Amino acid sequence: MALVGGNVADLAGKAPLLDAVVLVEGERIKAIGPRATTPVPTDATVVPMQGKWLIPGLMNMHVHLALNLPGAARIYGETADSMALRTLDNAQKSLLSGVTTIRLTGSDAGVDFTVKRAIDSGMFAGPRIHTAGSSIVATGGHGKTEVNGAAEFAKAVREQIKAGATWIKLGISGGISDTHGDIGASPFTDDELKTAIEVAHRNGVKVTGHSGSPIATDVAIDAGIDCIEHGYFLTPDVLRKMKAKGVWYVPTIVVSQSGARAFYKKIGSPDWYLARVDSVGKAHIGVLRTAITTGVNIALGTDQYPWEPNEGTTATVREAEIYVDAGMTPAQALRAATIEPARMLGVDSEVGLLKPGYYADIVAVDSDPTRAIGALRTIGFVMKGGKIVRNDAAAVPTAN
Ligand SMILES: [Zn+2]
């Protein structure tokens, strides 16, 4: 297959490749070059891309595909079967919105593993899934699998890895939605934290921590944690330490900003929750600004469905736009949504760039997102592993 006539954006912010040919063979990119010097095999299927801008498929590093938050729309007594169907539905919507790789940071009942296997086997379309399985916490913490003491933490980590987890998620501090505990506290003992991280690392699995707390984050960095989620109240000192140790930051900034209000209203969130989101939001955006100026490794994640409507676009695109509002260049924000997550996952020789040998995970937009990130609002073409899953330009017009 040949994508012909599109422009390939340069993620380093350098000059784009205009009027290009991208040759796709099987699941991977075979060649990329100017149309004049990149011959298209006579038997190739040609997909016209004139006027379009090609970028790598987007990657979202903080996703719960069966999100079920407090509120009027909460589903009570949901069975694992029904949760699996919801997970699959949200996985497919995510892919169609331009997100070709996701990391799941807390799923229940093992449905993430089931859905991942079904997608990987080709039974269903869906994004590439990396999953942390069930979120592990000390009793009363922000997560599902509650354990206590180093031995139980070791066992819980091993169980998730046995089930197929390629990350471990620890809830190392409280959450915005919790009605108990202190979001700034650090409830794990040193032994619990160190053991959980050591056992994961001994299995070649990285660990991420849900954290709003600077103290919990500080001790987790000492214990060797690889990544921090949210970081609502992180201090400049902790951010400098993250930078020094190469710890990743997944901001999920959309959850605390104004665009999420429509979502919280839709699901019937109570007033106390909306007020708490507002107050956290002010600190959170400040943390993001400081993280950017400090040079912390940032990978995009939303903590909302990747496709969830947000301020006229999706949560994934809105998250990238807020990164620019907070100080990133558009090219930096695009990297935070593509090659940076690939680096964090350790798959940056396979996805995250448009290069020969890489998986053909390709999205097309109407203008150059490295000039203005809002171009991501115009996603109209999505390819994953060489298969076109969406092409608005080729869609059959509906009669009215
Ligand atoms: Zn989350």
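Helices H6 and H8 cross with a right-handed sense in this predicted model. H6 covers residues 236–245 and H8 covers residues 271–294. Their axes lie 10 Å apart and meet at an angle of about 40°. Angles under 35 degrees would count as roughly parallel, and 65 to 115 as roughly perpendicular; the two helices are therefore oblique to each other.

The contact between them draws on Pro236, Leu239, Arg240 and Lys243 from H6. From H8 come Thr290, Ala291 and Thr294. By character, the residues of this contact divide into three nonpolar, two polar and two charged.

H6 and H8 belong to a protein chain with eleven helices and 19 strands. The chain has a radius of gyration of 21 Å, close to the 21 Å that the globule rule gives for 400 residues, so the chain is as compact as a globular protein of that length. Along the principal axes, its C-alpha atoms fill a box of roughly 65 × 50 × 45 Å.

Two further values describe the chain as a whole. Of its 400 residues, 50% count as buried. As for contacts, the relevant set is those between residues at least 6 apart in sequence, and 68% of these join residues at least 24 apart.

Notes: Residues are numbered from 1 along each chain as its sequence is written. This is a predicted model: local features need pLDDT of at least 70, side-chain atom pairs count only at pLDDT 80 or more; totals for chains, interfaces and linings use all residues. Helices (H or I, at least four residues) and strands (E, at least two) are DSSP runs, numbered from the N terminus. The radius of gyration is taken over C-alpha atoms; the globule rule is 2.2 Å times the number of residues to the power 0.38. A residue is buried if 20 or more other C-beta atoms lie within 10 Å of its own, exposed if 12 or fewer, and partly exposed in between; C-beta atoms are placed from the backbone. Two residues are in contact if their C-beta atoms, placed from the backbone, lie within 7 Å. Axes are lines fitted to C-alpha atoms, for helices over the stretch in contact, and angles run from 0 to 180 degrees between N-to-C directions. Angles under 35 degrees count as roughly parallel, over 145 as roughly antiparallel, 65 to 115 as roughly perpendicular and the rest as oblique. A crossing is left-handed if the near helix is turned anticlockwise from the far one by less than a right angle, and right-handed if clockwise. Ala, Val, Leu, Ile, Met, Phe, Trp, Tyr, Cys and Pro count as nonpolar, Asp, Glu, Lys and Arg as charged, and the others, Gly among them, as polar.
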